[in-house]
Amino acid sequence: MPVKVLEEKVILEHPSGSSTEVYFYGATVTSWKCKGKERLFLSKNSFLNGTKAIRGGIPLVFPQFGKASDSSFETAILPQHGLADNQVPENLRKEWPKKFRIIYTITLTEDTLNNHLTVKNEDIKSFYFNALLHTYYYVPDISKVSIKGLSNLSYIDKVTKNTQVTDTNDSITIDQEVDRIYADVPSDEIYIDLGHEDFDNFILRKINLKDTVVWNPWIDKAHGMSDFGDDEYKQMVCVEPGTVSEYVNLNVGETWEGGQILKISK
């Protein structure tokens with residue numbers, strides 16, 4: 001399978017014509033082309049030079065998802081989505097001086113993209129972390145999308161200041177800002193129906209990632225982000241598997257693994 005190593009990214013190509021691109025900045029997957037179509041959303045305004053986190057693709061979130069509510073917690077001083085690459089600024093290394101090793105494996109087939117994460121504690125003490133695959137799916141029309149596999153579950157609604165809500169609908173549809181954390185999701189599979197005859201749908205299979213975040217910024221937030229086009233909310237949705245409702249406690253010398261398999265489906 002051909003691999004092209006460029007200055008800023010790696011391109012992996014499959015004999016079927018599928019391909020994926022991974023930027024060295026944060027090990028962010030920025031493209032997944034399958035059956036002649038781009039399957040991931042990448043903002044036209046995204047920074048691709050390492051000066052800011054990439055807006056789109058599959059950013060890797062570690063060791064925290066949101067700002068810790070307890071200011072004394074060991075990750076509280078880190079940025080909202082933490083740090084997850086070898087180009088971490090020295091000041092952040094000092095603020096979270098843990099010794100760890102992350103192995104991020106990306107496997108491409110004709111109709112799947114597999115993202116597998118391994119975290120090893122190489123420190124002299126245990127530490128806590130969150131991990132999440134912040135996946136941006138490209139959708140032709142957000143008004144036609146339905147997300148299935150999260151019904152009858154409670155979630156934290158960040159739009160309404162972290163209120164607890166139970167979702168009783170058969171599927172999630174998006175017609176306003178959505179920012180939800182579904183904790184302890186019992187099913188390992190989520191189906192993303194694009195509702196478009198020219199686009200295949202997605203099956204998301206989670207591996208040892210118990211939580212799922214669903215996000216779309218909608219109109220007002222889209223206008224407020226410098227790295228996101230004003231109307232781009234219409235062409236994306238984030239369905240993000242992770243472990244974010246609680247921190248993982250990783251003991252010295254131990255290894256944690258998790259990941260996702262994305263599959264194209266009718």
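Start by selecting aspartate 211: the residue is buried (under 20% relative accessible area with a 1.4 Å probe, protein chains only) yet has no salt bridge, meaning a side-chain nitrogen of Lys or Arg within 4 Å of a carboxyl oxygen of Asp or Glu. Its nearest side chain of opposite charge is lysine 210, 5.0 Å away; Lys and Arg count as positive, Asp and Glu as negative, with His and the chain ends not counted.

A word on what you have open: it's a predicted model, where local features need pLDDT of at least 70 and side-chain atom pairs count only at pLDDT 80 or more, while totals for chains, interfaces and linings use all residues. Numbering runs from 1 along each chain as its sequence is written, and side-chain values use heavy atoms, leaving out hydrogens and water.

So what does the side chain of aspartate 211 reach? Show the backbone nitrogen of aspartate 184, at 3.0 Å, then that of valine 244, at 2.8 Å. Now select what aspartate 211 touches (heavy atoms within 4.5 Å), skipping residues up to four places away in sequence: among them are Tyr182, Lys206, Glu240 and Gly242.

Zoom out to strand S17 (residues 211-216), home of aspartate 211. Strands here are DSSP E runs of at least two residues, numbered from the N terminus. S17 pairs antiparallel with S18 over five bridges; pairing takes at least two DSSP bridges. Valine 213 sits opposite glutamate 240.

Next, select S18 itself (residues 236-250), where eleven of 15 residues are buried. S9 (residues 127-133) also pairs antiparallel with S18, over five bridges, and leucine 132 partners glycine 242. Finish at S10 (residues 136-138), joined antiparallel to S18 by three bridges, with tyrosine 138 opposite methionine 236.

Technical notes:
Buried < 20%, exposed > 50% of the residue type's maximum accessible area, 1.4 Å probe, protein only. Helix = DSSP H or I, 4+ residues; strand = E, 2+ residues; numbered from the N terminus. Polar contact = N/O pair within 3.5 Å; in protein donor to acceptor, adjacent residues only side chain to side chain.
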